[in-house]
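Here is a briefing on how two chains meet and where empty space is left. Please look at the structure before reading on.

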2 protein chains.
Amino acid sequence: MSDGPFAAEPTDTREKIMHATFRALREYGYAGLSIQRIADEAGLSKSSCYHFYDGKDDLLLSFMEFMFGQFGTGFDIRFSDDPVEDLRLHVQLMVAGPMDEDIASEILEAVPGEVPPDAPIRENNALERGPLVEVRAQGVNEPAFRERFTEMDGMFRDTFAGIIERGIDEGVFREVDAIQVADMLVTIGMGTIFRGATATFDRDAAIAEAESYIQHRLLPDGAIQE
Amino acid sequence: MSDGPFAAEPTDTREKIMHATFRALREYGYAGLSIQRIADEAGLSKSSCYHFYDGKDDLLLSFMEFMFGQFGTGFDIRFSDDPVEDLRLHVQLMVAGPMDEDIASEILEAVPGEVPPDAPIRENNALERGPLVEVRAQGVNEPAFRERFTEMDGMFRDTFAGIIERGIDEGVFREVDAIQVADMLVTIGMGTIFRGATATFDRDAAIAEAESYIQHRLLPDGAIQE
């Protein structure tokens, strides 16, 4: 696994703190995370961190935003002529975590002209799944986290819905409730992330079955294809 | 929401500790959970708790087992003549948390003769979703938790796969990879639990779309039904 968007050198202090948070989360887990440890990882003083963030929660909410920040942008540039393939790839992007080489190269092969050379695909996909699950679990008790994750789910859903609506407009897909189907793809993605981070789980089989769902649910001849 | 399997009076000290754990989790969340608080809730001394459990992790693993313990049994008794309906109801059972009245009554209506009077349906379905997500998130760093949740996912998957295989044998379902489809239903269920506990989320729409998945993926005329 790569470091995703944390592979490049940080360009300012805020970014340095975000990179340090990623490393500290990976090393200590959510339970062992502290401003002190993040400061140590960043080579900064604790007070420097508090200059930018009110505390651990505030910092983590910014961290989530940083991780997902470019996701929408990353999505928009990557459309092929095949909406089934677009959906499958975007589900993969959602669940992949810091992009592993296999998925990155598959996506690069699938939509070669669409990825600008200065935006390596893994830069836009920083879902380190373990920390993501631990941080998201804070949403059980913390309304600010719930709000943020509601927004993020909505962002994923809107992206999927856009692809589905395009498929309907082009006559490739059936006339389904695009939002409901898109939301199911978010649920499948989140279920994949949740299970993958907390149990032994065959992610490739899940992606394959997500593709079957897309075909059977959206293609007019979905049932006949097999 | 009801207290699920924690509604009845505990019958021994172990069960008393399990009930107290449920209340303490709900009150303090995972982060605030301690043997002391569980002992206080149970009206026991800390040392009584340590007599049964090595510590918080050991106790929580037992708690998970207690919550899921009767799930398989609950499942086996509730089959109708319609495998689509069986799958939908079992997905609902998986995600429902301590059964709310609506779902309980729907299930009771759907398969009236199948529920023995001495086993009220909510007794078998104790997935309080917030604590479940918080405890499951421990699987990110704790192998013992990962193992337990891998087993639990397998239990759900096998139950779903059994229904699918029966549907195939009876000629109602297409010849699909039953395990792969069953595993997707677990992923959908876990995604529903994860999202529902950590964000604003329309669970009813998710259940409706899960049913669409089941119909389109498994029925030979799934694509033609709409």
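The points below cover the interface, the largest pocket and the largest cavity.

This is a predicted model. Chain A and chain B bury about 4000 Å² between them. The largest pocket holds about 420 Å³ of space. One cavity of 30 Å³ or more is present.

**Interface: extent**
- On chain A, 46 residues are in contact with 46 residues of chain B.
- Carbon and sulfur atoms give 55% of the area buried between chain A and chain B.
- A:F194, A:R195 and A:E209 lose the most area to chain B within chain A. Together they account for 18% of what that side buries.

**Interface: polar links**
- The count of salt bridges between chain A and chain B is six.
- B:E209 forms a salt bridge with A:R217. Their closest N and O atoms are 2.7 Å apart.
- Across the interface, 27 residue pairs are in polar contact, with both residues at pLDDT 80 or more.

**Interface: make-up of the chain A side**
- Four helices of chain A each supply at least two residues to the side touching chain B: helix 8 (129–136), helix 9 (143–169), helix 10 (178–198) and helix 11 (203–218).
- Helix 10 of chain A gives the most to this side, with 15 residues.
- By class, the side of chain A that touches chain B has 21 nonpolar, 15 polar and ten charged residues.

**Largest pocket**
- The lining of the largest pocket consists of 22 residues. Nearest the pocket centre lie A:Y30, A:A31, A:Q138, B:Y30 and B:Q138.
- Helix 1 (13–28) of chain A and helix 8 (129–137) of chain B are the elements that give two or more residues to this lining.
- Helix 1 of chain A provides the largest share of the pocket lining, three residues.
- Eight residues of the pocket lining are nonpolar, six are polar and eight are charged.

**Largest cavity**
- The largest cavity contains about 40 Å³ of space.
- From chain A, the cavity is lined by A:Q180, A:D183, A:M184 and A:T187. From chain B, the lining residues are B:A205, B:A206 and B:E209.
- B:E209 thus appears twice in this briefing: in the cavity lining and in the salt bridge with A:R217.
- Helix 10 of chain A and helix 11 (203–218) of chain B each supply at least two residues of the cavity lining.
- Helix 10 of chain A gives the most to the cavity lining, with four residues.
- The cavity lining divides into three nonpolar, two polar and two charged residues.

How values were computed. Residues are numbered from 1 along each chain as its sequence is written. Chains are lettered from A and ligands numbered from 1 in the order in which they are written. This is a predicted model: local features need pLDDT of at least 70, side-chain atom pairs count only at pLDDT 80 or more; totals for chains, interfaces and linings use all residues. Side-chain values use heavy atoms; hydrogens and water are left out. Contact means heavy atoms within 4.5 Å. Buried area is the accessible area (1.4 Å probe) that two parts lose on being put together, summed over both. A salt bridge is a side-chain nitrogen of Lys or Arg within 4 Å of a carboxyl oxygen of Asp or Glu. A polar contact is a pair of N or O atoms within 3.5 Å; within protein, one must be able to donate a hydrogen and the other to accept it, and residues adjacent in sequence count only if both atoms are side-chain atoms. Ala, Val, Leu, Ile, Met, Phe, Trp, Tyr, Cys and Pro count as nonpolar, Asp, Glu, Lys and Arg as charged, and the others, Gly among them, as polar. On a 1 Å grid over the protein atoms alone, a cavity is a set of points where a 1.4 Å probe fits but cannot get out, and a pocket is an open set with protein on both sides within 12 Å along at least five of seven lines; lining residues have an atom within 4 Å of a point. Grid points are joined across faces, edges and corners, and a volume is the space filled by probe spheres set on the points.
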